[in-house]
Amino acid sequence: MSDLAPPFGVLLVNLGTPDSPTAPDVKKFLKQFLSDPRVVDLSPWIWKPILNGIILNTRPAKVAKLYQSIWWDDGSPLMVISQKQRDKLKQQLHESFAQAIPVELGMSYGNPSLQSGIDSLKSQGAEKIFVLPLYAQYSCSTVAPVYDAIAELLKAERNIPELRMNKQYFDHPLYIQALAESVKTHWQAKGQADVLMMSFHGVPLRYITEGDPYQEQCQATAELLAEALGLTSEQWRICFQSQFGKEEWIKPATDELLESLPKQGVKSVDIMCPAFSSDCLETLEEISQEGKAEFLSAGGERYEFIDCLNDTPAHIALLAKLVQEQTKGWY
């Protein structure tokens with residue numbers, strides 16, 4: 001390694017997005033995503049006929065319409081935000097380390113691929129790579145696939161890079177602080193609702209009983225955030241969204257809670273998605289649009305969606321701190 005080579009590179013990882021909001025690109029994305037045994041762990045003999053024979057022939061057109069409803073002029077919201085996160089983190093690390101630290105994006109599914117991200121870092125001289133999945137709470141269905149995929153990619157390498165990977169940051173002080181700041185900023189602009197709902201992505205209950213710590217970590221995040229905001233137990237709720245299939249998922253379900261709150265006298269809610277580092281289909285369509293319609297039709301009067309942390313300064317500061325903490329000894 002030359003004297004000019006960086007001490008390490010950073011690979012930011014998120015779930016991914018279709019290349020365009022069209023049925024063919026959505027089908028391609030869903031096929032890769034839903035073929036991952038970490039995401040759907042049914043027997044291939046059972047799942048593949050369902051996936052290829054039914055889901056991929058019926059869902060892409062419907063999902064494409066949903067993507068079209070949230071797609072921005074410059075592309076997929078998740079991709080646009082992820083690129084901003086990459087660029088701002090690179091700038092922040094340059095200032096912190098007084099030298100250029102390469103930062104690249106890699107998506108678990110779709111483009112840019114994990115392979116392209118690793119190859120780009122290596123081409124910039126990085127022989128050590130810190131992998132930072134943008135999931136605060138660990139789950140076997142999100143963080144673990146990153147580990148699996150990178151291990152599989154490196155099987156063909158004669159000279160593998162030295163690797164470190166962040167597993168979780170659900171209780172990191174700067175993460176809780178960033179979330180609290182986002183809520184307080186929203187309250188200053190829009191006022192405070194009766195209840196703050198914290199909607200996390202759901203997982204099958206079976207994952208939890210088999211050892212996945214995800215639900216426990218979501219609960220910890222919610223409690224720490226409520227404490228940071230000074231909320232009483234009556235002023236906040238935790239819930240879980242994006243359930244599909246017939247298997248039992250962790251509760252309470254976001255849509256069911258939205259329908260029940262007005263009957264309990266809750267007429268206004270603020271809702272946020274702490275498990276998502278970037279706004280995407282699940283936040284902009286499912287929560288901001290569908291959730292609002294569900295709450296208002298159930299008798300609610302005011303519904304406000306709080307953006308994800310995205311590329312806010314507090315979020316970039318958190319990511320930079322995680323890099324600094326996890327790469328000690330490399331610089």
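This section describes the salt bridges, a nonpolar surface patch, the cysteines and the aromatic contacts of a predicted model.

Eleven salt bridges are found in the structure. One of them joins Asp41 to Arg206, with a separation of 2.8 Å between the closest N and O atoms. Because Asp41 belongs to the loop between helix 1 (23–34) and helix 2 (44–70), whereas Arg206 belongs to helix 7 (residues 205–209), this pair ties together parts of the structure that are 165 residues apart in sequence. Neither partner falls in the buried class: Asp41 is partly exposed at 34% relative accessibility, and Arg206 is likewise assigned as partly exposed, at 25%. The contact between Asp41 and Arg206 also belongs to a wider arrangement, in which Asp41, Arg206, Glu210 and Glu247 are linked in a network of salt bridges.

Two further salt bridges involve residues that lie close to each other in numbering. The side chains of Arg86 and Asp87 meet at an N to O distance of 2.9 Å. Asp87 has a relative accessible area of 44% and is therefore partly exposed; Arg86, with 21% relative accessibility, is also counted as partly exposed. Since the buried class covers values under 20%, the 21% of Arg86 places this residue outside that class. In the second case, Glu152 and Lys155 form a salt bridge in which the closest N and O atoms are 3.2 Å apart. Here the two partners are assigned to separate classes, Lys155 being exposed at 64% relative accessibility and Glu152 partly exposed at 48%. The threshold for the exposed class is over 50%, so the value of 48% leaves Glu152 in the intermediate class.

The loop that carries Asp41 also contains Val40, which lies between helix 1 and helix 2. In contrast to the partly exposed Asp41, Val40 is buried, with a relative accessible area of 10%. Val40 is separated from Glu227 by 187 residues in sequence, and the C-alpha atoms of these two residues are 35 Å apart in space.

A nonpolar patch on the surface is formed by Leu42, Trp45, Ile46, Ile50 and Ile54, which together present about 560 Å² of accessible area. Among these residues, Trp45 is located in helix 2. The relative accessible area of Trp45 is 78%, and this residue therefore counts as exposed.

A search of the whole structure for disulfides returns zero. Cys239 takes part in no disulfide, the nearest cysteine sulfur being that of Cys273 at 8.2 Å. For Cys308, the closest cysteine sulfur is again in Cys273, at a distance of 5.4 Å, which is too far for a bond. The criterion applied to a pair of cysteine sulfur atoms is a separation within 2.5 Å, so the 5.4 Å between Cys308 and Cys273 does not satisfy it. Both Cys239 and Cys308 are classed as buried, with a relative accessibility of 0% for Cys239 and of 7% for Cys308.

Aromatic contacts comprise eleven pairs. In one of these, Phe8 and Trp330 adopt a tilted arrangement, with 6.0 Å between the ring centres and 40° between the planes. The pair links distant parts of the chain, as Phe8 lies in the segment before strand 1 (9–14) and Trp330 in the segment after helix 11 (313–326), with the two positions 322 residues apart in sequence. Both rings belong to buried residues: the relative accessibility is 0% for Phe8 and 6% for Trp330. A second pair, formed by Tyr169 and Tyr175, is edge-to-face, with a centre-to-centre distance of 5.5 Å and an angle of 90° between the planes. Tyr169 and Tyr175 are both buried. Phe8 and Trp330 additionally take part in one aromatic cluster together with Phe97 and Tyr331.

A contact between a charged side chain and a ring is also present. Lys167 is positioned over the face of Tyr138, at a distance of 4.8 Å from the ring centre.

How values were computed
Residues are numbered from 1 along each chain as its sequence is written. This is a predicted model: local features need pLDDT of at least 70, side-chain atom pairs count only at pLDDT 80 or more; totals for chains, interfaces and linings use all residues. Side-chain values use heavy atoms; hydrogens and water are left out. A salt bridge is a side-chain nitrogen of Lys or Arg within 4 Å of a carboxyl oxygen of Asp or Glu. Helices (H or I, at least four residues) and strands (E, at least two) are DSSP runs, numbered from the N terminus. Buried means under 20% relative accessible area, exposed over 50%, partly exposed in between (1.4 Å probe, protein chains only). Patches are made of residues with over 30% relative accessible area and no salt bridge: like charges are joined within 9 Å, nonpolar side chains (Val, Leu, Ile, Met, Phe, Trp, Tyr) within 5 Å. Accessible areas come from the Shrake-Rupley method with a 1.4 Å probe; for residues, only the protein chains shown count as cover. Rings of Phe, Tyr and Trp (its six-membered ring) pair if their centres lie within 6.5 Å; planes under 30 degrees apart count as stacked, over 60 as edge-to-face and the rest as tilted. A charge sits over a ring if NZ of Lys or CZ of Arg is within 6 Å of the ring centre and within 35 degrees of the ring normal.
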